[in-house]
Amino acid sequence: MTEFLQMGGYAAFIWPSWGLAVLVLLGVTVSSLRHGRRIQKELEQSELKPEQKKEQS
Amino acid sequence: MFDYLANPARFQRIANVIRPLAWLIFIITLLPGLYYAFFNSPADYQQGETVRIMYIHVPSAWMALMGYVLMALMALFYLVWKHPLADIAARSMALPGAAFAFITLVTGSLWGAPMWGTWWVWDARLTSMLILLFLYIGYMVLVDSFDREDRGSKAGAVLLLVGVINIPIIKFSVDWWNTLHQGASVIRVGGPLIDASMLIPLLLMAAAAKWWFIAITLIRMRTLMGERRLQSRLASRREGGAHD
């Protein structure tokens with residue numbers, strides 16, 4: 001296990017590479033999903049008639 | 001086919017089917033891809049274990065290029081046929097494309113430090129890749145810096161088309177100039193030079209990167225279409241005398 005993590009002495013280059021990639025791709029994924037969900041919710045809200053909106057709040 | 005897909009409602013119906021499929025293919029290529037990349041592929045005889053950086057670096061670079069080419073194609077569709085869906089597609093691909101360009105540069109640097117003995121050189125391949133990242137960022141800033149959205153779209157589309165000249169420069173930089181970067185070993189005339197034991201994880205990771213890109217692009221397109229619908233709805237409500 002330790003041997004695997006040491007990556008033949010190149011751990012300091014290999015793990016940051018993969019870590020950064022995961023971080024960036026995960027960040028784009030989460031922000032895309034969140035933004036999408038927010039807009040979807042706002043769209044549903046705007047479909048309600050004003051009276052319904054008052055009842056809801 | 002483009003005309004067929006250009007209908008937003010129809011596009012959305014098809015996208016709703018493709019999106020979960022894209023996530024599924026992403027997962028079933030990513031997991032074995034990671035397994036091969038870390039546990040079931042040999043260290044390189046010259047690079048040692050740093051070859052494992054390649055399995056994220058090269059797929060990212062391919063997707064950064066492919067993403068840009070697709071955006072430029074959308075820009076052409078938008079300028080010629082004025083279809084808003086092409087503009088929405090281009091805008092939606094910019095962030096995931098930029099993410100790949102960024103990952104390519106940083107992982108390349110992290111590989112170069114132990115292998116070349118330098119983090120960075122201003123040679124043709126590295127510099128043109130940096131320009132690609134700047135084009136992505138420039139596009140994202142440009143399309144959002146106009147009061148009227150369609151002006152931003154048009155300016156952005158022109159930037160994408162002008163910048164497409166950078167793509168063959170990146171691809172062939174390793175043949176045209178002396179550069180530290182090695183030449184192509186997969187997409188080349190005469191077939192791949194790389195051994196199957198390394199080609200398998202590379203292609204699996206490339207597939208994973210591609211399907212992630214597709215899934216994210218479709219999500220962002222739906223969001224952007226929703227935003228536009230929201231804006232026009234609010235605008236028509238304001239014009240309609242606004243009782244709320």
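**Helix packing between chains A and B**

Tutor: In this predicted model, α2(A) and α4(B) are roughly antiparallel to each other. Local features need pLDDT of at least 70, side-chain atom pairs count only at pLDDT 80 or more, and totals for chains, interfaces and linings use all residues. Residues are numbered from 1 along each chain as its sequence is written, while chains are lettered from A and ligands numbered from 1 in the order in which they are written.

Student: Why are α2(A) and α4(B) called roughly antiparallel?

Tutor: α2(A) and helix α4 (residues 84-115) of chain B pack at an angle of about 175°. Angles run from 0 to 180 degrees between N-to-C directions, with axes fitted to C-alpha atoms over the stretch in contact. Over 145 counts as roughly antiparallel, under 35 as roughly parallel. Therefore the pair is roughly antiparallel.

Student: What makes α2(A) roughly parallel to α3(B)?

Tutor: Helix α2 (residues 11-47) of chain A and helix α3 (residues 51-81) of chain B pack at an angle of about 20°, with axes 9 Å apart. So α2(A) is roughly parallel to α3(B).

Student: Which residues of α2(A) and α3(B) meet?

Tutor: A:F13, A:I14, A:S17, A:W18 and A:A21 meet B:R52, B:I53 and B:I56. Contact requires C-beta atoms, placed from the backbone, within 7 Å. By class, this contact has six nonpolar, one polar and one charged residues.

Student: How many residues does each chain give to the contact?

Tutor: Chain B gives 31 residues and chain A gives 24. In chain B, α3, α4 and α8 (196-239) each supply at least two residues of the side that touches chain A.

Definitions and conventions: Helix = DSSP H or I, 4+ residues; strand = E, 2+ residues; numbered from the N terminus. Parallel < 35°, antiparallel > 145°, perpendicular 65-115°, else oblique. Contact = placed C-beta atoms within 7 Å. Nonpolar A, V, L, I, M, F, W, Y, C, P; charged D, E, K, R; others polar.
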